[in-house]
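Work through the following exercises with the sequence and the model open side by side. Each task is followed by a solution that proceeds step by step.

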Amino acid sequence: MNLDSIRKMNKGELHVHLNGLVSTETIKKIVQSESCEIPKNFDVSVDLNVLRPAQSLVDYLLPWQVLRLIPKNRGNLRIIVESAFENLKADSVSFVEIRNSVIYLASLNNISVDNALFWLIEEIEGASHKYQIRAGLILTVSRGIHTNEHLKILLQAYKNLGFPKCVIGLDLAGNEDIDPPKETAQSFMKAKSEYGLKITIHAGETGNYENIRKAIIEFGADRIGHGTAASKSDEVMGLLKDRDICLEVCPISNRLTKAVGEYEDHPVKIFIANDVPFVICSDNPAIHASSLSFDYYRFLCETNSEQHLKDMYLHQKKYSFLERI
Ligand SMILES: [Zn+2]
């Protein structure tokens with residue numbers, strides 16, 4: 001199995017952020033056309049990518065200082081979404097769950113969150129049709145004092161738009177050392193039971209396996225983003241296995257954020273040994289100047305297991321939040 005044969009394999013993508021999937025050249029063009037005010041010390045020619053392990057998660061997030069400044073019009077949102085789908089197509093991805101936090105789109109464009117969500121859904125559906133890739137949207141909120149408030153705003157927009165089918169789930173992301181307001185967990189649970197939205201939580205990326213337990217028990221997580229720290233706890237791995245909760249393993253991202261240290265083995269080997277369900281995902285491939293195929297390849301280098309790659313598409317289908325794929 002080589003990179004070329006991997007690229008041709010049918011794939012599903014269950015953990016990718018819209019802004020991290022857009023080609024860097026496209027971002028540069030939009031930044032220029034919108035005359036964005038670039039933060040001091042940000043060098044657009046290099047700082048839109050993370051190619052070496054970052055000093056910290058904050059460092060890894062540097063490209064978002066500029067990514068969150070665009071798009072300032074509908075046409076550029078279309079260009080962003082189309083670039084994302086073009087990259088998926090080149091990687092033989094046949095279904096995708098795209099994450100986005102939407103609220104920044106509303107404030108950048110001076111439109112309501114309802115409208116921003118409507119724009120994004122229309123663009124995703126248009127690109128899905130054009131590129132023949134099944135697609136769903138996962139709404140992301142970040143950990144912080146406003147998490148619950150933002151979640152409520154997004155859910156209200158989802159309701160106002162008549163529960164669009166394109167929206168398939170909710171995601172909690174951001175600094176795991178910050179606890180969101182305590183009502184947040186309940187809001188996730190409520191959205192799951194009332195609207196049938198599925199839940200994925202970024203947890204255990206920065207070493208804390210208790211966050212994985214919390215994500216499952218308190219937030220009702222159906223999947224866990226990264227979850228690398230699960231390997232440190234037999235109990236948490238048992239919980240994942242018993243409840244059939246799938247980890248979204250992102251091999252390249254994990255190295256670049258230092259979720260997995262340079263001289264450590266990737267914990268996916270421990271997950272394999274303990275029958276913990278997982279899928280391979282790419283997180284922010286364009287930021288890494290990479291693609292899901294490179295993540296497959298990295299996985300192969302880490303584990304030497306071709307069989308897992310051969311079975312991956314079935315696993316991705318099984319754990320996808322999309323219906324009937
Ligand atoms: Zn992520």
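**Exercise 1: the zinc site**

His 15 is buried, with a relative accessible area of 0%. Bear in mind throughout that the model is a predicted one.

Task: identify the protein donors of the zinc ion and their spacing along the chain, then decide whether the arrangement of the four donor atoms is tetrahedral or irregular.

Solution. Begin with the donors: the zinc ion is held by NE2 of His 15, NE2 of His 17, NE2 of His 202 and an OD atom of Asp 283, at distances of 2.2 to 2.3 Å. Read along the chain, these donors of the zinc ion follow the pattern H-x1-H-x184-H-x80-D. Within this set, His 15 belongs to strand 1 (residues 11-17) and His 202 to strand 5 (residues 198-203), so that the pair links distant parts of the chain, 187 residues apart. His 202, at a relative accessible area of 6%, is buried.

Turn next to the geometry. A tetrahedral assignment requires all angles to lie between 85 and 135 degrees, whereas the angles subtended by the four donor atoms around the zinc ion run from 84 to 168 degrees, and the arrangement is therefore irregular.

**Exercise 2: salt bridges across the sequence**

Task: for the salt bridges Arg 74 with Glu 123, Lys 318 with Asp 244 and Arg 324 with Glu 323, state where the partners lie or whether they are buried or exposed.

Solution. The count of salt bridges in the model comes to 20, and the three pairs are taken in turn.

1. Arg 74 and Glu 123 meet through their side chains at 2.7 Å, N to O. This pair links distant parts of the chain, with Arg 74 in helix 5 (residues 74-90) and Glu 123 in helix 7 (residues 113-131), 49 residues apart. Arg 74 is partly exposed at 23% relative accessible area, while Glu 123 is buried at 6%.
2. Lys 318 and Asp 244 form a salt bridge at 3.2 Å, N to O. Because Lys 318 lies in helix 15 (residues 306-319) and Asp 244 in the loop between helix 11 and strand 7 (246-249), the pair ties together parts that are 74 residues apart in sequence. Lys 318 is exposed at 53%, and Asp 244 is partly exposed at 33%.
3. Arg 324 and Glu 323 meet at 3.7 Å, N to O. Arg 324 is exposed, with a relative accessible area of 70%, and Glu 323 likewise counts as exposed at 52%.

Beyond these pairs, a network of salt bridges links Glu 97, Arg 99, Asp 171, Arg 223 and Glu 248.

**Exercise 3: two buried residues**

Task: locate Ser 231 and Ala 203, and describe the surroundings of Ser 231 and of Ala 203.

Solution. Ser 231 sits in the loop between strand 6 (223-226) and helix 11 (234-242). With a relative accessible area of 18%, Ser 231 is buried, because the cut-off is under 20%. A polar atom of the Ser 231 side chain lies 2.9 Å from the backbone oxygen of Thr 228. Leaving aside neighbours within four places in sequence, Ser 231 is in contact with Met 237, Pro 267, Ile 270 and Phe 271.

Ala 203 is found in strand 5 and counts as buried at 0% relative accessibility. Leaving aside neighbours within four places in sequence, the contacts of Ala 203 include Arg 143, Glu 176, Asn 211 and His 226.

Note on methods
Residues are numbered from 1 along each chain as its sequence is written. This is a predicted model: local features need pLDDT of at least 70, side-chain atom pairs count only at pLDDT 80 or more; totals for chains, interfaces and linings use all residues. Side-chain values use heavy atoms; hydrogens and water are left out. Helices (H or I, at least four residues) and strands (E, at least two) are DSSP runs, numbered from the N terminus. Buried means under 20% relative accessible area, exposed over 50%, partly exposed in between (1.4 Å probe, protein chains only). A polar contact is a pair of N or O atoms within 3.5 Å; within protein, one must be able to donate a hydrogen and the other to accept it, and residues adjacent in sequence count only if both atoms are side-chain atoms. Contact means heavy atoms within 4.5 Å. Donors are N, O and S atoms within 2.8 Å of the metal (3.2 Å for Na, K and Ca); water is not among the atoms, so sites may look incomplete. Four donors count as tetrahedral if all angles lie between 85 and 135 degrees; four count as square planar and six as octahedral if opposite donors are over 155 degrees apart and all others between 65 and 115; anything else is irregular. A salt bridge is a side-chain nitrogen of Lys or Arg within 4 Å of a carboxyl oxygen of Asp or Glu.
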